[in-house]
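Hi,

Here is the structure I promised to pass on. Have a look at it first, and my notes follow below.

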Amino acid sequence: YMGINLGAFLGQLICPIVGDVKDAGGIRDIHAFKWGFLAAAIAMLLGTLVFYFLKNKYVVSPEGLPIGAKPNKDASNGEIEEQAKFSSKSIGIAAVLFVVLFFAFRYFLVSEIGFSNFEIGTLVKGIIYPIIYGAGISLAFLIMSSAESKVERERIWVIYIVSFFIIFFWAAFEQAGSSLTFIASNQTDRHFLFNWEMPASMVQIFNGLFVVILAVPFSLMWDKLRAKGKEPVSPMKQALGLALIALSYFIIAHNVKDLGNSGLLAIKWLVLLYFIQTMGELCLSPIGLSLVGKLAPKRFASLLYGVFFISNAAGYALAGSLGAIIPATGDKFEKAEKLGVNLQDVLDKKVTLTPEQVALFEKEQLPVEYTSFAGFEIHNLYEFFMVFVVLCGIAAIILAVLSPRLKKMMNGMT
């Protein structure tokens with residue numbers, strides 16, 4: 001986990017340096033982003049080559065055997081080991097369930113069942129998101145239908161319940177690549193060490209850096225608590241992770257409360273946010289992966305890892321939906337002012353735009369009304385960040401309350 005985030009740190013250091021640049025006039029050169037993508041592509045190619053040529057030398061057990069679970073067929077005696085088996089009835093029901101859920105989520109997300117709108121946003125929300133949500137639920141049903149004992153069913157239910165709560169964590173955490181970077185670009189004073197202005201896309205580098213710094217101390221902390229018999233069970237650790245991410249957004253919410261439409265957030269608050277969120281990540285992400293490995297019946301292990309990662313994907317999808325409700329930031333008000341319009345008056349419905357002004361607003365991608373979440377209008381960044389405080393805070397409390405019951409359902413696993 002530490003190695004992966006070392007790569008994340010290097011990627012978020014190199015790609016912005018070559019891709020997020022400004023011209024002589026101080027305007028971001030959008031065509032330079034291709035060099036950032038090229039740098040990432042080269043690194044991935046090198047990583048693939050290193051793995052391919054060195055895997056048989058280094059990715060082996062002490063006996064020189066390949067690392068990982070044994071294949072279904074034991075080469076020594078030809079016997080079939082533990083293997084997942086699904087009835088034709090269960091597969092059929094899962095397939096029907098997936099189709100029904102796909103169209104249900106499609107209607108909920110884009111308000112249509114058919115395929116009449118082919119805009120990219122509608123395609124993502126109306127096809128990819130329903131596939132993610134529908135696949136996760138139908139696959140969960142299929143696995144549960146083949147559980148053979150009460151202990152298996154209870155352990156699988158623990159994986160499902162924890163996976164559900166993980167959705168809220170990633171929905172908040174993955175704002176790093178969307179709304180938080182947008183705020184870093186448009187309403188943050190990014191002058192850092194020696195008065196150097198950090199590129200907005202580089203601000204999220206602190207997550208990978210803090211993982212590398214904190215991974216060993218966290219591991220030692222869990223070991224010390226385990227030795228004293230005080231280590232929390234995995235669901236409680238994950239509840240702590242959710243609570244930490246709620247805390248990070250609570251702090252940032254109160255620091256943007258008085259910014260107004262033109263104030264700048266000090267970069268130190270984003271650094272603090274990433275520090276707290278990284279602690280939350282270390283309480284949740286590696287713990288969740290370990291939990292699935294402990295609880296999953298061997299024959300379902302890969303499928304249950306699939307359910308776990310689909311919950312991650314669902315969190316990323318929800319992150320996109322929540323990121324879209326970010327209110328107008330300072331750059332939007334400046335654009336509107338250049339057009340001779342007070343954007344605040346437009347949002348407050350104090351003025352009515354002419355058809356020509358409406359066309360200009362669409363061209364400049366300026367909002368004409370407040371965004372909303374669950375029926376509540378989002379008027380400013382404070383209210384936007386409080387959405388994540390409430391979602392993750394409630395999820396943390398519920399998961400913490402459920403943890404004693406989940407511990408029993410784990411049947412001896414921790």
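**What turned up**

A polar contact of 2.6 Å joins the side chains of Asp 331 and Thr 329. Please keep in mind that this is a predicted model. Asp 331 sits in helix 11, which covers residues 330–338. You may like this one for its charge: Asp 331 is buried and yet has no salt bridge, and Lys 332, the nearest side chain of opposite charge, is 4.6 Å away. A salt bridge needs a nitrogen of Lys or Arg within 4 Å of a carboxyl oxygen of Asp or Glu, so the pair does not count as one. Apart from neighbours within four places in sequence, Asp 331 is in contact with Phe 182 and Asn 186.

Elsewhere, the salt bridges come to eight. Arg 299 takes part in a bridge with Glu 152, at 2.7 Å from N to O. Arg 299 is in the loop between helix 9 and helix 10 while Glu 152 is in helix 5, so this pair ties together parts 147 residues apart in sequence. Both of these residues are buried. Arg 299 also forms a salt bridge with Glu 148, where the closest N and O atoms are 3.8 Å apart. Glu 148 belongs to the loop between helix 4 and helix 5, 151 residues from Arg 299. Unlike buried Arg 299, at 9% relative accessibility, Glu 148 is exposed, with 63%.

Two further items on charge: Asp 20 and Arg 28 meet in a salt bridge of 2.8 Å, N to O, and Asp 223, Arg 226, Glu 231 and Lys 237 are linked in a network of salt bridges. Asp 20 is buried, with a relative accessible area of 9%, whereas Arg 28 is partly exposed, at 28%.

Now for the nonpolar side. The largest nonpolar core has 81 residues, of which Leu 242, Tyr 249, Leu 304 and Phe 385 touch the most other members. Several helices each supply at least two residues of this core, including helix 4 (120–144), helix 7 (205–227) and helix 14 (381–409). Helix 9 gives the most, with 14 residues. Leaving out residues up to four places away in sequence, Leu 304 touches Ile 143, Ile 156, Ile 159, Tyr 160, Val 292, Ala 296 and Pro 297. Another core lies apart, with ten residues, among them Ala 336, Val 346, Leu 353 and Tyr 370.

Finally, the cysteines. The structure holds zero disulfides. For Cys 283, the nearest cysteine sulfur is that of Cys 392, 14 Å away. Cys 283 is buried, with a relative accessible area of 1%.

Best wishes

Definitions and conventions. Residues numbered from 1 in each chain as written. Predicted model: local features only at pLDDT ≥ 70, side-chain atom pairs only at ≥ 80, totals over all residues. Heavy atoms only, no water. Helix = DSSP H or I, 4+ residues; strand = E, 2+ residues; numbered from the N terminus. Buried < 20%, exposed > 50% of the residue type's maximum accessible area, 1.4 Å probe, protein only. Lys, Arg positive; Asp, Glu negative; His and termini not counted. Polar contact = N/O pair within 3.5 Å; in protein donor to acceptor, adjacent residues only side chain to side chain. Contact = heavy atoms within 4.5 Å. Disulfide = S-S within 2.5 Å. Core = buried A, V, L, I, M, F, W, Y, C linked by side-chain atoms within 4.5 Å.
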